[in-house]
Number of protein chains: 2
Amino acid sequence: MSQTELDRQFAFLAEADKLKSVERANTLIDLSRRENSAEHSWHLALYALVLEGQAGEGVDISRVIRMLILHDLVEIDVGDVPLHSADGQAHDAPEIHAAEAAAARRLFGMLPASQGQAFLALWEEFEAAETPDAVFAKSLDRTQPLIQNLASDGIGWAEYGVTCQHIEDRVGARIARGMPAVWAELERRVRSFFNAVDP
Amino acid sequence: MSQTELDRQFAFLAEADKLKSVERANTLIDLSRRENSAEHSWHLALYALVLEGQAGEGVDISRVIRMLILHDLVEIDVGDVPLHSADGQAHDAPEIHAAEAAAARRLFGMLPASQGQAFLALWEEFEAAETPDAVFAKSLDRTQPLIQNLASDGIGWAEYGVTCQHIEDRVGARIARGMPAVWAELERRVRSFFNAVDP
Ligand SMILES: [Ca+2]
């Protein structure tokens, strides 16, 4: 029996269930456990809805939300690479990018062809971080873990030896690019957090 | 110091983190643990993207996705009420609806006023299940746990003593209303599942 479009879509949606088992570096705010990439993706979509007013000109929030829903699926094959692991070097390594691109082809390739191609193009746009939608989506992706860390006494930062300067470099620049007013406020909070820890 | 709009939005987004600790009746497909309501909400948003082609006339998928991102937040206060608990009676009990409405007012009330009102209206529209967008969103909300249950040998159904007839009544009617072709396919799969269990 040949697979119908619906069969392929159901198989993809069942495969996507595995994202709920991909563990991230940061925890829930109550420190009860680490966050997984599926609930993180939901939280980012909510961030996009709530912080819509911070988006720059030309940003289409509905496209941003679509990107955010899809952006971490590749971690089903590759896992989450923590931003601050290997002193900040692992996250942008070319071999990670290649593995993620292969994962995107495998996963979106499960779908009917034209739909899979559209999803792949949206994922590639997010990764390239050049269009206004992708820039905004990337800035949300940096903002959420920062707020989780601030709200949970920086436990996740301590684990990776993260300094205030690391955050300015690896997180702040990216947030500022998409949401300058949000970074202005968060930079104040981050500085006062690290001043309190190590005055 | 008076709270800025951003302060309120950050506080709401931190409060929303608690949805990741609300446990649902169904499990992940690999049976490793129960699903939580935050990752369930992400999965539903992905269902909406993937099954967009099944939506009836007049459905705006971007509004549907917004509804799905917000729809379970009230469970932070009320918890998830399993569809099949108390022989299917608990889910639509008036006292549950009243508690969820109070939770919606509390949670969306944390946001700047006009934004909170817009989110509340979207949540109420979903709950009322009358507009094309809400009908489609509700049918996705019934489809995802059904596919999880089918893919994990009906363990969740067995736990609640769910029969094929319960599924036709409590799940099928709702799915068929928003996505008739999807229900036609799932009804076939559900019947063949129950025939195999209890021929
Ligand atoms: Ca629910």
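The following paragraphs describe the symmetry and the salt bridges of a predicted model.

The structure is a predicted model in which local features need pLDDT of at least 70 and side-chain atom pairs count only at pLDDT 80 or more, whereas totals for chains, interfaces and linings use all residues. Residues are numbered from 1 along each chain as its sequence is written, chains are lettered from A and ligands numbered from 1 in the order in which they are written, and side-chain values use heavy atoms, with hydrogens and water left out.

Two copies of a chain are related by a rotation about an axis and a shift along it. When the copies are superposed by least squares on the C-alpha atoms of residues with pLDDT of at least 70 in both, a turn of 180 degrees with a shift of 0.0 Å along the axis lays chain A on chain B with an RMSD of 0.0 Å. This is the relation of a two-fold axis. With contact taken as heavy atoms within 4.5 Å, 100% of the interface residues of chain A are also interface residues in chain B, so the copies meet through the same surface.

Salt bridges, defined as a side-chain nitrogen of Lys or Arg within 4 Å of a carboxyl oxygen of Asp or Glu, number 38 over all chains in a search of the whole structure. One of these joins A:Arg106 to A:Glu15, with the closest N and O atoms 2.9 Å apart. The pair links distant parts of the chain, 91 residues apart, since A:Arg106 lies in helix 5 (residues 94–108) and A:Glu15 in helix 1 (residues 5–16) of chain A; helices (H or I, at least four residues) and strands (E, at least two) are DSSP runs, numbered from the N terminus. Buried denotes under 20% relative accessible area, exposed over 50%, and partly exposed in between (1.4 Å probe, protein chains only); accordingly, A:Arg106 is partly exposed at 36%, whereas A:Glu15 is buried at 14%.

A salt bridge is also formed by the side chains of A:Arg34 and A:Glu159, at 2.8 Å from N to O. Because A:Arg34 lies in strand 2 (residues 34–36) and A:Glu159 in helix 8 (residues 155–159) of chain A, this pair ties together parts that are 125 residues apart in sequence. A:Arg34 is partly exposed, with 27% relative accessibility, and A:Glu159 is partly exposed, with a relative accessible area of 46%.

Within helix 10 (residues 180–197) of chain A, A:Glu185 and A:Arg188 are 3 residues apart and therefore separated by about one helical turn. Their salt bridge places the closest N and O atoms 2.9 Å apart, and A:Glu185 counts as buried at 16% relative accessibility. Finally, a network of salt bridges links A:Asp17 and A:Lys20 with B:Arg24, B:Glu35 and B:Asp80.
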